Amino acid sequence: MNILILLGARKRGNTHYTSLAIIQEMQKLGQVSPEFLFLRDYDLKFCLGCRTCFDKGELACPQKDDLSLIVEKIKKADGVIFASPVYVSDVSGEMKTLIDRLAYVTHRPAFFAKCSFIVTTTYSAGNKHARDTLGAATFAWGFHHAGSLGLKIPTVKGPPDLTKDQKRIKKAATKFFTAIEKQHFRSPSLLSLAVFKVQQRANSDPLHKETLDYRYWVNNGYSNPDQSFFVDVESSWMKRILASVLGRVILKIYS
Ligand SMILES: Cc1cc2nc3c(=O)[nH]c(=O)nc-3n(C[C@H](O)[C@H](O)[C@H](O)COP(=O)(O)O)c2cc1C
């Protein structure tokens, strides 16, 4: 399996070594080909807030940089580890820039046949907040969220001593490996199914038929009311009906 590790860290430090330890454990379980990508090595400009990606498509984005290279790598991966150090209780600037630049994917989810895993490291606090930031983004992009690992690590030069965290690292690796191997994205959570239904209804309204989002949902067949999710799912009919009802309730509350 191909694993892309997207690193928001600026140096080969705690976040990199934690991700590497997960990969090494995964390699004990089967064939794993990792690619470590430091966002700092790529030309990734800030979002200008112009909404061009939403309205005219991501190819029309005025920021010409390496974003599409990163997206292509995500598309080729079976699983993606999003790894960031905690910077003032949240993800690093590089990681937040990636999140902002991929905002259009929240309208036109594209990564639903992939599993994601979140790694955060901190000196003392902020893992939960940073994890929630990444969790919300990856969920909206369509990933199947396989789990997360947040470690507290003392500041050191060079590789940190991860001995006391080895059990948690092994557990994280097994969880992520199994989710990819068993294609857990085919068993989405009730919330994922309900959110799909919300987006399906919102994007099937002929009032918006001139929009890119409408065309994306219709042309890919996602607007078909019989469609329960982006991919064929193994969920029970009961769960699918519940998701549909929940979707209606959410839409009523927020519209
Ligand atoms: C700019 C900056 C902000 C940080 N903010 C926090 C923080 O809010 N809370 C905390 O406990 N540690 C904080 N830290 C410590 C890092 O989160 C921690 O050392 C992390 O493991 C570094 O990962 P790295 O070695 O991969 O860069 C901060 C470090 C830096 C450089």
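**Exercise 1. Which residue just after H9 takes a positive phi, and which residues of helix H9 are buried?**

Solution. The model is a predicted one, in which local features need pLDDT of at least 70 and side-chain atom pairs count only at pLDDT 80 or more, while totals for chains, interfaces and linings use all residues. Residues are numbered from 1 along each chain as its sequence is written, and side-chain values use heavy atoms, with hydrogens and water left out. Helices (DSSP runs of H or I, at least four residues) and strands (runs of E, at least two) are numbered from the N terminus. Just after H9, it is Gly221 that takes a positive phi, of about 80°. Within helix H9 (residues 212-219), the buried residues are Leu212, Asp213, Tyr214 and Trp217, where buried means under 20% relative accessible area, exposed over 50%, and partly exposed in between, with a 1.4 Å probe and protein chains only. These buried residues of H9 pack against helix H2 (52-55), helix H5 (104-107) and helix H8 (190-202), contact being taken as heavy atoms within 4.5 Å.

**Exercise 2. Establish the strand order of the sheet and state which strands stand at its edges.**

Solution. Begin with the pairings, for which two strands pair if DSSP finds at least two bridges between them. Strand S1 (residues 2-7) pairs with S2 in the parallel sense over 6 bridges, and Asn2 stands opposite Ser33 in S2. S1 also pairs with S3 in the parallel sense, over 5 bridges, with Ile3 opposite Gly79 in S3. Next, S3 is joined by 7 bridges to strand S4 (residues 115-122), the two running parallel, and Ser84 stands opposite Thr120 in S4. The result is an open sheet of 5 strands with parallel pairing, in the order S2-S1-S3-S4-S5. Strand S2 (33-38) and strand S5 (144-152) each have a single partner strand and stand at the edges, so one side of each is left without a neighbour in the sheet.

**Exercise 3. Is strand S3 covered on one face or on both, and which helices lie on the sheet?**

Solution. In strand S3 (residues 79-85), 7 of its 7 residues are buried. Taken face by face, Gly79, Ile81, Ala83 and Pro85 are buried on one side, and Val80, Phe82 and Ser84 are buried on the other, which leaves both faces covered. Helix H6 (residues 127-141) lies across S3, S4 and S5 and runs at about 160° to S4, angles being taken from 0 to 180 degrees between N-to-C directions, with axes fitted as lines to C-alpha atoms, for helices over the stretch in contact. Helix H7 packs on the sheet as well, touching S1, S3, S4 and S5, and its direction makes about 165° with that of S5.

**Exercise 4. Describe how helix H1 packs against helix H7.**

Solution. The axes of H1 (residues 14-29) and H7 (residues 166-181) come within 8 Å and cross at roughly 60°. H1 and H7 are therefore oblique to each other, given that angles under 35 degrees count as roughly parallel, over 145 as roughly antiparallel, 65 to 115 as roughly perpendicular and the rest as oblique. From H1 the contact is made by Ala21, Ile22, Glu25, Met26 and Leu29, and from H7 the residues include Ile169, Ala173, Phe176, Phe177 and Ile180.

**Exercise 5. Compare the surroundings of Thr18 and Asp78: which is buried, and which partly exposed?**

Solution. Thr18 has its place in helix H1 and is buried, with a relative accessible area of 0%. Beyond residues up to four places away in sequence, Thr18 touches Val119, Thr121, Leu149, Leu151, Ile153 and Leu162. Asp78, by contrast, lies in the loop between helix H3 (67-76) and S3 and is partly exposed, with a relative accessible area of 33%. Leaving aside neighbours within four places in sequence, Asp78 is in contact with Met1, Asn2, Lys114, Cys115 and Ile180. The C-alpha atoms of Asp78 and Leu4 are separated by 8.1 Å, although these residues are 74 apart along the chain.
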